[in-house]
Every structure is written in structure tokens, then in C-alpha cells.
Amino acid sequence: MDLAVTALGTKALEEGVKLLSNRPVENIGRIVHWLEKLPMLPHHKADIRSIREFMDDKDSNWYRLAARLFTETDPLVKTKFITNLVLNSNILGGPKQREWAAKLGCSVPGAILVDPTDKCNLHCTGCWAGDYSLADDLDYATLDRILTECEELGIYLIIMSGGEPVVRKDDIIRLAARHSAQMFHLFTNGTLIDDAFIRAMKRVGNIMLAFSIEGFRPNTDGRRGAGVYDRVMEAMAGMRAAGLIYGVSVTYCRHNTEELASEEFVDMLVDKGVAFGWYFTYIPIGKDVDLTMMATPEQRSYMYKKILEYRRTKPIFLMDFWNDGAAADGCIAGGRRYLHINAHGDVEPCAFIHYATCNIKDISLPEALRTPLLRAYQRRQPFSPNLRRPCPLIDVPDAMAEMVAEAGARPTQVHPDETAAEFAAKIRPYSEAWAAIADREWPGKK
């Protein structure tokens, strides 16, 4: 079955690339029809069907986004995007992940988040990674071994953060060239993106960036440092001129939610050629922990309603890491659909859960997937029947404390100034206030 899928996938891809090279805008619908011919999981079939319906409507925002990407994107980058992200990661990777999950007796994720380095050239207020050592690196050999094990497991989406991952840009280019079947997605502050790195990304074709900004210039520079906003805009312009695909990563908190949710901000992103946007709510972990900086439950609800509106109207793909729990059937962490390996090598369930029971330098990725903390995660998912409350850190905090205790997990921050149970008690008033709103809004509530 896998051989048949691979053969059909390769044929469909070849035809799709031909269509992309020959009048790509007119052929968008035909490309989607080719994808529909592939044997795939029912939910992938449903996704492709939804894409076809949007692509058949040439006035839709999704058609306008696809038309822009297919006409502005470099041919190699376009081919790598379809091959690595659509075919390898979403269609061919799934069966391999399920086969390995059956062998291992645990979930195998579709993506991993790995930090090549803790080092960063900025000192942003409230950085989620700000209480790691800030001096650790994963050496090239370890990164190469992790990515090789990922391919064996059917994991083709490699996400990188830090620290600032572009500090290791030479190694990242080497890894992207060596693991050419994988898609590399970097979260970056954007200040180290130069012409040489843009040329290198264009040469390998399989790297996408998400630029971290906090809104317009005052909010971005206020949290990240003077001049950062303008340097990000300059980097975006260089990426666009080179035909690369890029997005943004924004953190909404009490001070900038309305700005990040505004039509003015989203229109600016579209105008700058941004293809996608990750929306994260501020989480009080890491550096400068401040509960009062969190978006209020009312702001969290408002943000998601605006994102749903823009998904219907704007030619940009926006994702809300927390509020989209319903789309992902709950929390995706703990190895269910992703996990985090920090620059020290600690295998964490999530970038925001700074606890571990193993280090990737000591064991293989398949072994890490079977360790106590990840298994504890998988046994409890979903953490709430209300999928608008997916997170065991801020929505169901007692679950996080229970898993840490059950697994005997150790903290991975340099200054763990409170226990998991103490954090749960501290965040509980927020989680209860959010539960009251989420229970009213959750369409699956009986």
C-alpha cells in the first residue's frame, strides 16, 4: 500500500509541477484535483476536498492567497513546498507514523520543534525561553542524527526556535541540503537575515521563516528593542524579492491584543507578502514572568473570533496555537502531534512545558517517545471535553502538575523557582475564568 501511495504521489507531483510551471494561477484547481486522486486518510481527503471547493471559487480569499504564492514564489521553493510539506509531511508521512506508532506502542508526531541554540542577540521582555542556560547548542552531529531518525519515523516537518536559530544559519543550511525531503520552519527575530542567507535559502528551497513581531513598530520595538521592526520589514522585503515563503509569529498579551486583532495589522501583513501567521497567547514562563501581562479571557475570546473572521475574508492563513484546539482535537503536545527538544537536549512535551525525563543526547528519538512524561501526556489527551480548553498548562493546570509528579520529571529551566503544583495554583483563577467563557462558546457542549 505504501509503495502504491508513493508511486501515485510521485506521478501526481510530477504532473502538479508541470502545471505550476505552465500558467500556475489557471491551473490551481487542476493541481488540487490531482491531489484528490492520491490514496490518503479520510481527514486528509476532507482537507483536500475543502481546498478544492475554495479553489473553485476564484473570488475567495484562499484562491487569492494561492494565486499570490504560486505566481510570486521561486520555482524550486514552490516545488519543495508541495513535495515536502504537502506530499511528504501530510500524505506520505502519516502512514509511516502510524506504522511506527503500532510498533512502539505510543504516538509518533507529525512534527518536532528543536532548538539548535539557546543563544540570542536580543533580550525580549517575557521571553518564554529566557530562563534556559542561554549558552547551550545542539552540535551538528546530534541535529543530523535527530533529523535522520525523524525521516525514518515519517516526520518531515522540522520546526526550529531558540534562542535565535539563525545564529546557527550555516549549520541549518547544511542540514536543509542534506535532508532535502524535509521542510524546515524557523521562528526568527529577523535581525540576522542577510542577503547571503536569503540566497542560501533560495538555493536549498526547503526553509520557511516566521518573523516574530508584536504588532506595529511601537509594540515590536517596545518588547524586542529599538529598530527591530524596521529590520524585520527589510528582511521580509528581501525574502519576497527572492521568491521565498514566509510568515509571522505574534504573541498577544494584555497590551497588544486589539492591535494584533485589527484589520489594519492583518492588511499590513498581506501587503508585505506574508503567507501565514502564528498567533500565540502570552504564557507566564521563562524570563520576566508576569501574570498581569497575560491576555484576559475576554481578549482571548475576542482574538479567536477575529481570526475566524479573517480566515473567511483575508488572503493569509492565520493559526491560533491555543484557540485552535478544536481543529486539532485538543492538545497536540507530548508527542501526539509534536514535541520540543531544547538546546540542552532535554525532550519536553511542549515548548511551554519546561520539564523532562530524558535527554536526546543519551537516547534515540523512538526511545524518547516512550518515556514517562510523554506517555503520561498521551494517556490524558484530550485534557478537557471542551476543546476550547486544550492546554494542560493554562486551561487544565492540575493535569500538568499530575503528569510531572507521575513521571518524576525534572525542571529544565536554570531557575525553577516554583513547583508544577505551585504554578497550577497560581494560574487557576485564569483557567477558571477562561472555562466560564469557553463553556459558553464551545459548539460541542451538550
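This report walks through a sheet, one residue inside it and a pocket. Keep in mind that the model is predicted.

**The sheet**

Let's start with the strands. Nine of them make up an open sheet with mixed pairing, in the order β7-β6-β5-β4-β3-β2-β1-β8-β9. At the edges sit β7 and β9, and each of these pairs on one side only. Here are four of the strands with their residues:

| Strand | Residues |
|---|---|
| β5 | residues 246-252 |
| β6 | residues 276-281 |
| β7 | residues 317-320 |
| β9 | residues 347-348 |

Now look at β5 and β6: the two run parallel and are joined by six bridges. If you want a spot to find on screen, try Tyr252, which stands opposite Thr281 in β6.

**A residue in β5**

Ser249 has its place in strand β5. Is Ser249 buried or exposed? Ser249 counts as buried because its relative accessible area is 8%, and the cut-off for buried is under 20%. Leaving out residues up to four places away in sequence, Ser249 touches Phe187, Ala210, Phe211, Ser212, Ile213, Trp278 and Phe280.

**The second largest pocket**

Next, some empty space. The second largest pocket holds about 300 Å³. Its lining is made of 21 residues, and those nearest the centre are Ile285, Gln413, Asp417, Glu418 and Phe423. Which helix gives the largest share of this lining? That's helix α17 (residues 420-441), with three residues. Sorted by class, the lining of the second largest pocket has twelve nonpolar residues, five polar ones and four charged ones.

Notes
Residues are numbered from 1 along each chain as its sequence is written. This is a predicted model: local features need pLDDT of at least 70, side-chain atom pairs count only at pLDDT 80 or more; totals for chains, interfaces and linings use all residues. Side-chain values use heavy atoms; hydrogens and water are left out. Two strands pair if DSSP finds at least two bridges between them. Helices (H or I, at least four residues) and strands (E, at least two) are DSSP runs, numbered from the N terminus. Buried means under 20% relative accessible area, exposed over 50%, partly exposed in between (1.4 Å probe, protein chains only). Contact means heavy atoms within 4.5 Å. On a 1 Å grid over the protein atoms alone, a cavity is a set of points where a 1.4 Å probe fits but cannot get out, and a pocket is an open set with protein on both sides within 12 Å along at least five of seven lines; lining residues have an atom within 4 Å of a point. Grid points are joined across faces, edges and corners, and a volume is the space filled by probe spheres set on the points. Ala, Val, Leu, Ile, Met, Phe, Trp, Tyr, Cys and Pro count as nonpolar, Asp, Glu, Lys and Arg as charged, and the others, Gly among them, as polar.
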